[in-house]
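Student: Can we walk through this model together? I would like to start with one helix and work outwards.

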Number of protein chains: 2
Amino acid sequence: MHEDAFLAAYDPTPYGRLALTVDAVLLGLLEGRPAALLLKRDEPPGAGCWALPGGFVRVDETLDAAAERVLREKAGLAGLHMEQLYTFGALDRDPRMRIVSVAYLALLPEHVFAAAARNGAGLLPAPIDVPWAGEAGGPVAVLPPAGSAESGPLRLAFDHADILALAMLRLRGKLDYSEVGFALLPERFTLRQLQDVHEAILGTALNKPAFRRRMLDRGWLEPTGEREAGTSFRPPELYRFRKPR
Amino acid sequence: MHEDAFLAAYDPTPYGRLALTVDAVLLGLLEGRPAALLLKRDEPPGAGCWALPGGFVRVDETLDAAAERVLREKAGLAGLHMEQLYTFGALDRDPRMRIVSVAYLALLPEHVFAAAARNGAGLLPAPIDVPWAGEAGGPVAVLPPAGSAESGPLRLAFDHADILALAMLRLRGKLDYSEVGFALLPERFTLRQLQDVHEAILGTALNKPAFRRRMLDRGWLEPTGEREAGTSFRPPELYRFRKPR
DNA sequence: CCCTCTTATTCGCATCGTGCGAATAACTAA
DNA sequence: TTAGTTATTCGCACGATGCGAATAAGAGGG
């Protein structure tokens, strides 16, 4: 009723334009630290700053489809685990016009992450420093990767630092009761690798036997019977993630 | 760069119109069951269906502000705990045009909930039946309140049943590690009332001593030293929610 | 083939959170 | 003062977890 009448009489023009975008946090691990793929902005606003890959939502595509398209067009990737994170709607997010952005989070296995950073699309894999413990939340710093010409923490465009911070918070929160951690690993992995992933995200050391037991008790791990090759010591067993039914 | 060039050349017209709304899940308890405030739609689409209170996001207001405005305009309420839930962007959510909606969740203390249902704005307090256990998720049914002319489960407009279902899922998930449960209680309350709230949301009975101990150990409860009046038996102590530092 | 080195994997134990039935306390009403 | 009802506390069992120590296992050198 209210809605209906309102909508029938609705003329968007007097309210001005409002645009909708998606921004993607493409998260992976770089040398054992969480890192995100960023694009450098050459023009104002935010020239010289780094930004999350993003794009406008088309009128004929869903939000999820827009996020997948951004992933494909900006990083050349497809078929990854993506989830909606939050929708950012501050008035001055973008100085040019009112833009509301739906943030998505994608997790890239280390190999995929490194490949995306090298595929020529200009994506910079930037380590993220999370200065808060546990799930306290707060701002994060984005560092230049080793060998980068940048010095000091990277300046991020718009509110993208907030988006990254929320992504890290959400990831920490979901890590140990959900299966997101596996999205950062290759198809077959060792328990040590799984623990490394958790420690990188949580930013804290974990007790090995306890972690091992907990993960195995979850029922998500299927031993492959194979072992990692190329070690100069006892090779660990390789596991596979098995979806719980 | 990509974004910038894209934006500079951006003309929204060829993409058609895309509108942004907020929808509010106004949740409370009705006779010990979770319930939501709904508005009846008189005109198509969805005429005869029930809908969540909602409204368009204005170009000069944030999403949070739009949600608060909806709360105020549609329910005559202000100053409540509101949090963003999820953003719904299916193509055919609304048959008239492409509308993306940011869903918000507000929790109303029983007294406020009942008052809002009576204030003449046409809000129907409808109990929600959650047929799934734990955090399995799935659809929910919305029932007519006692004394209503409706019969059988209510038909909801658009994807509002999905929004309600997600709200219940999110609420269950956050209930026992966050302080949201207190938002459904008056300022002073007994432990039994707190437990009733939890049981209503979770849809399951809880062990009294364990619940009590857990809540007290959280450090969120401050005894007032007063006791509930009007009982015909030993009156329980009244507690107050104290924000943890 | 045996020995050493290193890490994987398992054990044993203390501790904490929690479920639960029973016991105790406290207030009302008669 | 006593019965009735609920609040509040106790005692115990059990599962999950943290953690150091012990054991197992494979690589590589002699």
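**Helix, core, sheet and DNA**

Tutor: Start in this predicted model with helix 3 (residues 110–118) of chain B, whose buried residues are B:Glu110, B:Phe113, B:Ala116 and B:Ala117.

Student: Why do they lie on the same side of helix 3 of chain B?

Tutor: In an α-helix, residues three or four places apart point the same way, because a turn takes 3.6 residues. On the other side of helix 3 of chain B, B:His111 and B:Arg118 are exposed. The buried residues share a side because they cover an arc of only 130 degrees around the axis.

Student: What do the buried residues of helix 3 of chain B pack against?

Tutor: One partner is a helix, helix 2 (63–75) of chain B. The others are strand 1 (18–30), strand 2 (33–40) and strand 7 (124–129) of chain B.

Student: Which residues have the most contacts inside the largest nonpolar core?

Tutor: Nonpolar side chains tend to be buried together in soluble globular proteins. Here the largest nonpolar core has 139 residues. The most contacts inside it belong to A:Val25 and B:Val25.

Student: In the open sheet of chain A, which are the edge strands?

Tutor: Three strands run in the order 9-11-10, with antiparallel pairing. An edge strand pairs on one side only. That gives strand 9 (188–189) and strand 10 (221–227) of chain A.

Student: Which residues come nearest to DNA strand C?

Tutor: The surface near DNA strand C has eight nonpolar, three polar and seven charged residues. Of the 18 residues around the strand, the nearest are A:Pro209, A:Phe233, A:Glu237, B:Ala210 and B:Arg234.

Key. Residues are numbered from 1 along each chain as its sequence is written. Chains are lettered from A and ligands numbered from 1 in the order in which they are written. This is a predicted model: local features need pLDDT of at least 70, side-chain atom pairs count only at pLDDT 80 or more; totals for chains, interfaces and linings use all residues. A residue is near a molecule or strand if its C-beta atom, placed from the backbone, lies within 6 Å of it. Ala, Val, Leu, Ile, Met, Phe, Trp, Tyr, Cys and Pro count as nonpolar, Asp, Glu, Lys and Arg as charged, and the others, Gly among them, as polar. Two strands pair if DSSP finds at least two bridges between them. Helices (H or I, at least four residues) and strands (E, at least two) are DSSP runs, numbered from the N terminus. A nonpolar core is a set of buried Ala, Val, Leu, Ile, Met, Phe, Trp, Tyr and Cys residues joined through C-beta atoms within 7 Å. A residue is buried if 20 or more other C-beta atoms lie within 10 Å of its own, exposed if 12 or fewer, and partly exposed in between; C-beta atoms are placed from the backbone. The arc is that of the directions from the helix axis to the C-beta atoms. Two residues are in contact if their C-beta atoms, placed from the backbone, lie within 7 Å.
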